[in-house]
Amino acid sequence: MQAWQVHENGEPSEVMRLAEVEPPTPGDGQVLLRVRAANINFPDALLCRGQYQVRPPLPFTPGVEICAETEDGRRVIANPALPHGGFAEYAVADARALLPAPAALDDAETAALHIGYQTGWFGLHRRAHLEAGETLLVHAAAGGVGSAAVQLGKAAGATVIGVVGGAEKAAVARELGCDVVVDRRAEDVISAVKEATGGRGADVIYDPVGGEAYAQSAKLVAFEGRIVVVGFASGGIPSPALNHALVKNYSILGLHWGLYATKNPGLIGHCHEELTELAARGAIKPLVSERVPLSGAATAVQKVADGRSTGRIAVVMEGAA
């Protein structure tokens, strides 16, 4: 089979190599899956760079989120078991963790439903308890993680403010349903959000960026607001001033979605049922901005690594729906 392999750590476009290899052999409790589509996530770039919290042995195949087909023909969502990731014709995954693919979504959309939307659902509902009528601010609103949070926020009845970088991404955020869009390259984020909220700020702030975005969040969070820390795509890990949180009376909430797989796996299944229902009625639909063949995976991962993508880029196999 064909598979992309990383033999040394570095930039994805430099270290990912397409090779002809033997299909992986499933271990105990694992199943062999035929990959139909693989979604590209920022962690795939971090894996290539050797900067992710999980460091599979070299050589490994990246690709942490797929839509795949089981040997009996079922279409499923899976997180491949590294080192046999999803940028390949076949992957392996934990049989107990397979989730049914929503009939309302094609293969590329299905591959993009799991990590970003589960993270958004857990962040907004399990951690921040977002309520209808509240104001949600989403940093990097046109990106893969942010676009999921925008759709989930709208589905929950929130007023959504999207912060983006550039006119092209601003247009995408508006199409996603943001009530207010702030282009951080052309506007002062703090002034624009305060104006949009009458000086009150946002009840919930969803931050997958860190760095300067978090500093803005601390200034924009409302009384009894909640800042959900999802990641640090900017590369800057902030040091929150807890005295500020005390004086202003807001909460800082961390979200490590992967922990639920071991701490409370039943919630992942429940969340998937909720997402499937939302997809069936058209309330959410993953924004797949590009579909590329397997041969284009390395270039696409680099594009995500460089922050030049909007929504999701999916690697789609020949014959996929």
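**Loops, parallel strands and two C-terminal helices**

A140 lies in the loop between strand 8 and helix 5; helices (H or I, at least four residues) and strands (E, at least two) are DSSP runs, numbered from the N terminus. The model is predicted, so local features need pLDDT of at least 70 and side-chain atom pairs pLDDT 80 or more, while totals for chains, interfaces and linings use all residues. Residues are numbered from 1 along each chain as its sequence is written, and side-chain values use heavy atoms, without hydrogens or water.

Q: What is the relative accessible area of A140?
A: A140 is a residue other than glycine with a positive phi, near 55 degrees. Buried means under 20% relative accessible area, exposed over 50%, and partly exposed in between, with a 1.4 Å probe and protein chains only. A140 counts as partly exposed because its relative accessible area is 32%.

Q: Is H129 buried or exposed?
A: H129 lies in the loop between helix 4 and strand 8. Its phi is positive, about 50 degrees, although H129 is not a glycine. With a relative accessible area of 51%, H129 is exposed.

Q: Which residue has its backbone nitrogen 2.9 Å from a polar atom of the E134 side chain?
A: E134 is found in the loop between helix 4 and strand 8, and its relative accessible area of 14% makes it buried. Not counting residues up to four places away in sequence, E134 touches H129, A158, T159, D203, V204 and R226, where contact means heavy atoms within 4.5 Å. The backbone nitrogen at 2.9 Å from the side chain of E134 belongs to E131.

Q: With which side chain does the side chain of H114 make a polar contact?
A: H114 is found in helix 4 (residues 114–127), and it is buried because its relative accessible area is 4%. Leaving aside neighbours within four places in sequence, its contacts include E65, I77, L99 and W257. A polar contact is a pair of N or O atoms within 3.5 Å; within protein, one must be able to donate a hydrogen and the other to accept it, and residues adjacent in sequence count only if both atoms are side-chain atoms. At 3.1 Å, the partner of H114 is N79.

Q: Which side chain is joined to that of R200 by a polar contact of 2.7 Å?
A: R200 is found in the loop between helix 7 (189–196) and strand 11 (202–207), and at 46% relative accessibility it is partly exposed. Beyond four places in sequence, R200 is in contact with A222 and F223. The polar contact of 2.7 Å joins R200 to D203.

Q: What is the handedness of the crossover from strand 8 to strand 9?
A: Strand 9 (residues 159–164) has 5 of its 6 residues buried. Strand 8 (residues 135–139) runs parallel to strand 9, with 5 bridges; two strands pair if DSSP finds at least two bridges between them. The chain passes through helix 5 (residues 144–155), and this β-α-β crossover is right-handed, a term that applies if, with the strands pointing away from the viewer, the path from the first strand over the helix to the second runs clockwise. The handedness is thus right-handed.

Q: Which residue of strand 10 stands opposite I161?
A: Strand 9 and strand 10 (residues 180–183) pair in the parallel sense over 4 bridges. Opposite I161 in strand 10 stands V180.

Q: Within what arc do the buried residues of helix 11 fall?
A: The buried residues of helix 11 (residues 265–280) are L267, I268, C271, H272, L275, L278 and A279. They line one face of the helix because, seen down the axis, they fall within an arc of 140 degrees, the arc being that of the directions from the helix axis to the C-beta atoms. On the other side, G266, E273 and A280 are exposed. The arc is 140 degrees.

Q: Which residue follows helix 12 with a positive phi near 70 degrees?
A: Helix 12 (residues 297–305) has 7 of its 9 residues buried, so it is largely enclosed by the rest of the structure. Its buried residues pack against elements including strand 1 (2–6), helix 2 (42–49) and strand 15 (312–316). The residue that follows helix 12 with this phi is G307.

Note on methods: The expected span of a helix is 1.5 Å times one less than its number of residues.
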